[in-house]
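Visitor: I'd like to go through this model and hear the reasoning behind the labels. Could you put it up first?

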Amino acid sequence: KSDVASSGEQFAHIVLLQMVRSGANKGFHPDFEQVRSSLQESRSFGSIAMLHIFGVADEHGKLEFPHGFPRDFHMALKFAAMGSQNHGRIDSWSFTALGLLLSVDYPPTRCLRLEVRPGPSVDFGGIDDALELASGSNAAHLAKKCRGQVYDNNDLAGAAYWAAAERKEPLGAIAFASLLRRNMTDIPNSWGRGNKPLIAR
């Protein structure tokens with residue numbers, strides 16, 4: 001495993017630590033532009049997506065490079081999509097990031113759909129439409145198109161967390177376990193019902 005890939009994976013753990021422990025980032029102000037470059041080189045796209053979802057403030061409270069990280073849901077969706085596609089190294093954090101964006105009902109995620117495959121496993125569809133809607137391009141047409149999608153299963157967020165849990169990503173696994181405990185999802189059992197292969201929020 002390359003040093004770059006290893007550093008990217010180590011930084012994913014730092015991201016989780018900052019989210020769950022108060023004060024964990026005290027005195028921690030790296031050059032986040034270099035961090036992002038390292039994560040991109042190691043194809044740790046899900047980690048970048050998580051950083052864009054939460055943002056990291058610098059010592060002055062600003063979500064800006066170089067010593068902070070900007071909060072940007074559009075970029076989070078872009079990198080989560082890149083990390084969840086099967087083009088080599090799939091980043092399990094990408095599915096957690098998608099689950100979070102779906103859970104807060106980020107409007108472009110209404111274009112997303114999942115295809116359930118034998119295994120089971122899931123593939124995301126509608127990525128291009130979601131990114132185009134996020135960019136503001138042709139927004140009215142895409143919003144109408146995506147609102148018109150109706151499928152049998154409405155638990156896309158649960159499916160994203162399930163995919164993260166299957167890949168042993170800790171935060172996604174916790175989210176999925178919480179949904180199961182509260183009877184808020186029937187995934188993956190519901191995938192065995194009906195004939196339609198696609199599910200959407």
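Visitor: Before the labels, at what angle do helix 8 and helix 9 pack, and how far apart are their axes?

Guide: Keep in mind that the model is predicted. Helix 8 spans residues 156-166 and helix 9 spans residues 170-181. They pack at an angle of about 130 degrees, and their axes lie 7 Å apart.

Visitor: Why are helix 8 and helix 9 called oblique to each other?

Guide: Roughly antiparallel needs an angle over 145 degrees, and roughly perpendicular covers 65 to 115. The angle here is about 130 degrees, so the pair counts as oblique. As for handedness, helix 8 passes helix 9 in a left-handed crossing.

Visitor: Which residues meet where helix 8 touches helix 9?

Guide: From helix 8 you have G158, Y161, W162, A164 and A165. On the helix 9 side they meet G172, A173, A175, F176 and L179.

Visitor: How do the residues of that contact divide into nonpolar, polar and charged?

Guide: There are 8 nonpolar, 2 polar and no charged residues in the contact of helix 8 with helix 9. Gly counts as polar in this scheme, and the contact includes G158 and G172.

Visitor: Zooming out, what makes up the whole protein in helices and strands?

Guide: It has 9 helices and 3 strands, running α-α-α-α-α-β-β-α-α-α-α-β along the sequence.

Visitor: What share of the residues counts as buried?

Guide: Buried means under 20% relative accessible area, and 41% of the 201 residues count as such. The protein exposes about 10,500 Å², with carbon and sulfur atoms supplying 49% of that.

Notes: Residues numbered from 1 in each chain as written. Predicted model: local features only at pLDDT ≥ 70, side-chain atom pairs only at ≥ 80, totals over all residues. Heavy atoms only, no water. Helix = DSSP H or I, 4+ residues; strand = E, 2+ residues; numbered from the N terminus. Buried < 20%, exposed > 50% of the residue type's maximum accessible area, 1.4 Å probe, protein only. Areas by Shrake-Rupley, 256 points an atom, 1.4 Å probe, with all protein chains shown as cover. Axes fitted to C-alpha atoms, helices over the stretch in contact; angles between N-to-C directions. Parallel < 35°, antiparallel > 145°, perpendicular 65-115°, else oblique. Left-handed = near helix turned anticlockwise from the far one by under 90°. Contact = heavy atoms within 4.5 Å.
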